[in-house]
Structures are given as C-alpha cells and as structure tokens.
Amino acid sequence: MAAAPAIPLIPAGAVAGGAVWQLISAAALAFAGVALPRLLGFTWSRSIVLGGIGLGAYAALTWLPLPQELMYWWGLVLGTNNFVVLGLVAGFALAYVSRRERIAGLLLAAAVAIKLWPLALFPLLLRERRWTVAVWALGALAVHAVLLLAWLGPDVVPDAVRALRQSDNPDTLVIGVLTL
C-alpha cells in the first residue's frame, strides 16, 4: 500500500504528479503541525498560529548544520510517504481524543497499511480498552489485505514474507523524528 496513494497521480506524469505529491505531503505535514497544539488543548485558531510558528521554526532548521534527514525538504524532495503517514496518524490522534471511534480506526488502518510503524499504537487501544477503534482498524486492515491479495494474487505471499524478514537497516533518525 506504500505506493498506492500516489497511483492516481501517474497520468499526470513524473513532474506534475511529483509536484502534486509534494503538495499533498506538505499539506499533511502542516496538518500534523496544527494537530499537535490542538491535541494539547489549544483552540483551532491558536493551533493554526502555533502550528505555523512551529513549522516555520522547523523550516528554519535548514540553516543549521544538521543531518539532511531532519530537514523538512528532504522528505518532500525524495517523495516519501512519511509525511502522509504522519498526517494520518495526526488525524487518528484527533479523532481518538474526540471519541470518533470509527474515524480513528479507519485512519489508523490507513496509516498502518502504508507503513507498519503505526502498529505501535495498537497497545494504546488495548490498554485503554478502546475496542471499537481496534475493531474498525483491524476490520479495515482485513479488507485491505483481501483487496491486496485479490489485486496481486495469493502467490505474492511468500515473497512478501521473505521481504519482511530482510533487514534493510532503516534510517532510525528519520523514523525517530516522525514517531516523535
């Protein structure tokens, strides 16, 4: 599912589709930046201001001698889906604290389907006994798995298991920043 959100952009071509993907990623990052103050209890209007200040400060890091993986433009230029997943997780968090159980479950499922690291949020659901969120997330993931197998065919399963067993030494700095 990692590449699936960008599939509708294929007809636009690499340049135009890539530019749209970068805009989507930037919007997801901006949404996450606004969601954080909102989750901390600020009003929406103050969250927008604080999110803008925070994102401005994050963009200003470009001037510091830091690893490029910490720079916002690095994720945008590479066309990764990290910011999109971050936006989905931020949406999950907002829905979760607002007790919008189904929406929270669906957003968490979408994030997990694209990248596996949001699975780390499932113990929270179990600890807080938010069964409705967990059931919606697991149900959506089951539907995703069935659709994926129907699309790719069941013969893809051995290759997928083999790929999951391989270690590619992910850049823990990027994962750490996004997890934070």
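How many helices and how many strands does the chain have? The answer is nine helices and zero strands, in a model that is predicted. Read from start to end, the pattern is α-α-α-α-α-α-α-α-α. Here is a friendly tour, going from the overall fold to the core, the helix pairs and a few single residues.

**Overall picture and confidence**

- The mean pLDDT of the chain is 84, and 86% of the residues reach at least 70.
- Confidence varies along the chain: helix H5 (residues 101–114) has the highest mean pLDDT among the elements, at 95, while helix H9 (residues 172–179) has the lowest, at 54.
- A word of caution when you look at the model: where pLDDT is low, the predicted coordinates should not be read in detail.
- The chain has 180 residues, and 32% of them are buried.
- Of the contacts with a separation of 6 or more, 62% join residues that are 24 or more positions apart.

**The largest nonpolar core**

- This core holds 14 residues, and the members that touch the most others are Phe 92, Leu 108, Phe 122 and Leu 125.
- Two or more core residues come from each of helix H4 (82–97), H5, helix H6 (122–127) and helix H7 (131–152).
- H5 gives the largest share, with five residues.
- To see the core from one side chain, start at Leu 108: leaving out residues up to four places away in sequence, Leu 108 touches Phe 92, Pro 118, Leu 121, Phe 122, Leu 125 and Ala 137.

**H5 against H7**

- The axes of H5 and H7 are 7 Å apart, and the two helices pack at an angle of about 40°.
- H5 and H7 therefore count as oblique to each other, and their crossing is right-handed.
- On the H5 side, the residues that meet H7 are Glu 101, Arg 102, Ala 104, Gly 105, Leu 106, Leu 108, Ala 109, Val 112 and Ala 113.
- On the H7 side, the partners are Thr 132, Val 133, Trp 136, Ala 137, Ala 140, Leu 141 and His 144.

**H1 and its two partners**

- Helix H1 (residues 13–39) packs on helix H2 (residues 44–60) at an angle of about 125°, with the axes 7 Å apart.
- That angle makes H1 and H2 oblique to each other, and they cross in a right-handed way.
- H1 brings Leu 29, Ala 30, Gly 33, Val 34, Pro 37 and Arg 38 to this contact, and H2 brings Trp 44, Ser 47, Ile 48, Leu 50, Gly 51, Leu 55 and Tyr 58.
- H1 also meets H4: their axes come within 8 Å and cross at roughly 30°, and this crossing is left-handed.
- Among the H1 residues in the contact with H4 are Trp 21, Ile 24, Phe 31 and Leu 39, and among the H4 residues are Phe 83, Leu 86, Leu 94 and Val 97.

**Buried residues worth a look**

- Glu 101 is located in helix H5.
- What makes Glu 101 count as buried is a relative accessibility of 17%, which is under the 20% cut-off.
- Beyond its sequence neighbours up to four places away, Glu 101 touches Arg 130, Thr 132 and Val 133.
- Ala 95 is found in helix H4 and, at 6% relative accessibility, is also buried.
- With residues up to four places away left out, Ala 95 touches Arg 100, Ile 103 and Ala 104.
- Ala 95 and Leu 108 are 13 residues apart along the chain, and their C-alpha atoms are separated by 10.0 Å.

**Two arginines with positive phi**

- As background, most residues other than glycine have a negative phi.
- Arg 99 has a positive phi of about 65°, though it is not a glycine.
- Arg 99 sits in the loop between H4 and H5 and is exposed, at 55% relative accessibility.
- Arg 129, likewise not a glycine, has a positive phi of about 55°.
- The loop between H6 and H7 holds Arg 129, which is exposed with a relative accessible area of 62%.

Definitions and conventions: Residues numbered from 1 in each chain as written. Predicted model: local features only at pLDDT ≥ 70, side-chain atom pairs only at ≥ 80, totals over all residues. Heavy atoms only, no water. pLDDT = per-residue confidence, 0-100. Helix = DSSP H or I, 4+ residues; strand = E, 2+ residues; numbered from the N terminus. Buried < 20%, exposed > 50% of the residue type's maximum accessible area, 1.4 Å probe, protein only. Contact = heavy atoms within 4.5 Å. Core = buried A, V, L, I, M, F, W, Y, C linked by side-chain atoms within 4.5 Å. Axes fitted to C-alpha atoms, helices over the stretch in contact; angles between N-to-C directions. Parallel < 35°, antiparallel > 145°, perpendicular 65-115°, else oblique. Left-handed = near helix turned anticlockwise from the far one by under 90°.
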